[in-house]
Amino acid sequence: MLNINKTITNGKAVFALEGRLDTNTSVELDAALSPVLDGINELVFDLGALEYISSAGLRVLLATHKTLSKKGGMKVTNVNEMIMEIFEVTGFSDILTIE
Amino acid sequence: MNPSEKNYDAITVSADVKNLGTVQSFIEERLEEAGCSMKAQIQIGVAVEEIYVNICHYAYKEKGGSGDAEVKMLIKDGVAEIVFEDSGIQYDPLANEEPDISLSAEEREIGGLGIFITRKTMDEVTYDYKDGRNILTLKKKI
């Protein structure tokens with residue numbers, strides 16, 4: 001179960017994720033992102049209420065990071081301890097801009 | 001010792017990602033009952049997903065695309081043991097090279113990341129092929 005709360009203002013999108021980003025829900029996130037990416041310059045993922053992430057979720061973050069690195073960039077915020085550990089184990093903590 | 005002598009709880013599902021939730025609940029219920037820490041529970045959840053989804057995607061690809069996956073679980077002396085079995089093509093996911101996590105995001109491909117995470121967070125990951133079945137076992141102190 002994943003709730004995606006998106007706000008877009010002046011080319012900047014904030015996606016607040018709540019719940020689980022797994023094999024099945026990462027498809028939903030991908031579907032929510034694809035119509036938006038072309039029209040925005042920056043993106044922030046607020047992970048404050050994210051409880052779980054698997055490699056499928058990491059894949060979506062990385063693909064989005066790549067797309068936006070040619071523009072204004074992507075940031076992740078409010079990363080909790082568990083999710084941060086997954087980022088560290090996988091080297092994602094060095095790749096992503098984490099605030 | 002014959003593994004069948006151990007008292008595993010077991011669930012068999014059709015190897016499809018739509019059954020991921022069923023498999024996760026089966027594991028989580030037992031971890032919760034055993035008083036597993038939230039951290040170990042999430043790490044085990046991620047590993048279970050990686051292994052299970054791998055089976056769904058690859059095991060029966062050349063056999064018409066469908067087949068069963070059996071997941072067995074035993075918690076003993078503070079260690080959770082989770083065994084995945086399928087009768088798909090012989091495949092040792094541990095034989096893959098580890099991904100190069102030092103590469104930048106732009107250079108990086110993600111293949112093998114799931115297995116990489118699993119190996120990093122579990123205490124023991126073993127693969128066996130026996131009687132036409134792939135048997136992958138995870139062990140983690142909880």
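Two residues are taken to be in contact when their C-beta atoms, placed from the backbone, lie within 7 Å. By this criterion, and in what is a predicted model, B:Phe84 touches B:Ile51, B:Tyr52, B:Ile55, B:Ala69, B:Val71 and B:Leu136, with residues up to four places away in sequence left out of account. B:Phe84 also belongs to the largest nonpolar core, which comprises 58 residues. Within this core, B:Phe84 is one of the residues that touch the most other members, together with B:Val48, B:Tyr52, B:Ile55 and B:Ile82. The greatest contribution to the core comes from α2(B), which provides eleven residues.

The strands of chain B were examined next. Five of them form an open sheet in the order β1-β2-β3-β5-β4, with antiparallel pairing. The edges are occupied by β1 (9–14) and β4 of chain B; each has a single partner strand, so one side of each remains without a neighbour in the sheet. On average, neighbouring strands of the sheet are turned by 15° against each other when direction is ignored. The antiparallel pair β1(B) and β2(B) is joined by six bridges. Where B:Ser14 is concerned, the bridge partner in β2(B) is B:Asp68. The helix α2(B) lies across β2, β3 and β5 of chain B, and its direction makes an angle of about 10° with β3(B).

Two loops of chain B contain residues with unusual backbone geometry. Most residues other than glycine have a negative phi. B:Asp77, by contrast, has a positive phi, near 50°, without being a glycine. This residue is located in the loop between β2 (68–76) and β3 (79–86) of chain B. With 5 other C-beta atoms within 10 Å, B:Asp77 is classed as exposed, the limit for that class being 12 or fewer. A positive phi, of about 50°, is likewise found at B:Asp131, which is not a glycine. B:Asp131 is placed in the loop between β4 (124–130) and β5 (133–141) of chain B. B:Asp131 is also exposed, with 7 other C-beta atoms within 10 Å.

Chain A contains four helices and five strands. Read from the N terminus, its elements follow the order β-β-α-β-α-β-α-α-β. The C-alpha trace of chain A extends over about 30 × 30 × 20 Å along its principal axes. For 99 residues, a compact globule would be expected to have a radius of gyration near 13 Å, and the value of 12 Å for chain A agrees with this. Of the 99 residues of chain A, 38% count as buried. Among contacts in chain A between residues at least 6 apart in sequence, those joining residues at least 24 apart account for 71%.

The two chains meet at an interface in which 21 residues of chain B are in contact with 18 residues of chain A. On the side of chain B that touches chain A, α2 (38–59) and α3 (113–121) of chain B each supply at least two residues. The most is given by α2(B), with seven residues. By residue type, this side of chain B consists of eleven nonpolar, five polar and five charged residues. The helix α2(B) is thus described in three settings: it gives the most to the side of chain B that touches chain A, it gives the most to the largest nonpolar core, and it lies across β2, β3 and β5 of chain B.

Key. Residues numbered from 1 in each chain as written. Chains lettered and ligands numbered in written order. Predicted model: local features only at pLDDT ≥ 70, side-chain atom pairs only at ≥ 80, totals over all residues. Nonpolar A, V, L, I, M, F, W, Y, C, P; charged D, E, K, R; others polar. Buried ≥ 20, exposed ≤ 12 C-beta atoms within 10 Å, placed from the backbone. Rg over C-alpha atoms; globule rule 2.2 N^0.38 Å. Core = buried A, V, L, I, M, F, W, Y, C linked by C-beta atoms within 7 Å. Pairing = 2+ DSSP bridges. Axes fitted to C-alpha atoms, helices over the stretch in contact; angles between N-to-C directions.
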